[in-house]
Amino acid sequence: MTPPPPFPAIDRPGALALNAAHEAETAPLDAPALERLLAAAVLARAPRGAAGETLALLIVLDETAGAESPNFRWFAARRARFLYVDRVIVAPAARRTGLARRLYAEALGFAEAGRAPLPSGKTVRYVERAP
């Protein structure tokens, strides 16, 4: 029996379209790469709007993910345990609604629940003051 996909509530085509619209700020992502990220993720969210459209995408990894990005490798070389926000993207129509703040708050709550150390105080202050 094939195991269910990780984070089944995430609309894959919607997540890929949102990422494609913002890959200059994040990184390119195709369907196999998205599945690899979701399989490695400890937290992933892609809230939808009333019409079913994907409003945002959050993917959080921990130190076991083995991601190849230079930023992930930087953390891996310096920390035994950590959470890494691989990507957080909010669709233009959902910006200035507090959605990114809620997604980051969920990631911080996940960290506070003992999953991994919190980010630095500087990062927390930046997220708290972000518009």
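This is a short dialogue on reading strand β2 in a predicted model.

Colleague: Where does strand β2 run, and how many of its residues are buried?

Modeller: Buried means under 20% relative accessible area. Strand β2 covers residues 56-62, and seven of its seven residues are buried.

Colleague: Which residues lie on each side of β2?

Modeller: Take the two faces in turn. On one side sit A56, L58, V60 and D62. On the other are L57, I59 and L61. Both faces are covered, and all of these residues are buried.

Colleague: How many bridges join strand β1 to β2, and do they run parallel or antiparallel?

Modeller: Pairing is read from bridges, with at least two needed between two strands. Strand β1, residues 43-45, is joined to β2 by three bridges, and the two run antiparallel. For a register point, look at R45: it stands opposite L58 in β2.

Colleague: And how many bridges pair β2 with strand β3?

Modeller: Seven, again in the antiparallel sense, with β3 spanning residues 83-90. Here L61 stands opposite Y84 in β3.

Colleague: Now a single residue. Why does A56 count as buried?

Modeller: Compare its accessibility with the cut-off. Buried means under 20% relative accessible area. A56 has 0% relative accessibility, so A56 counts as buried. A56 lies in strand β2.

Colleague: What is A56 in contact with, leaving aside its neighbours within four places in sequence?

Modeller: Contact means heavy atoms within 4.5 Å. On that basis A56 touches L18, R45, A46, P47, I89, V90, L99 and L103.

Colleague: How far apart are A56 and V88 in sequence and in space?

Modeller: They are 32 residues apart in sequence. C-alpha to C-alpha, A56 and V88 are 7.2 Å apart in space.

Key. Residues are numbered from 1 along each chain as its sequence is written. This is a predicted model: local features need pLDDT of at least 70, side-chain atom pairs count only at pLDDT 80 or more; totals for chains, interfaces and linings use all residues. Side-chain values use heavy atoms; hydrogens and water are left out. Buried means under 20% relative accessible area, exposed over 50%, partly exposed in between (1.4 Å probe, protein chains only). Helices (H or I, at least four residues) and strands (E, at least two) are DSSP runs, numbered from the N terminus.
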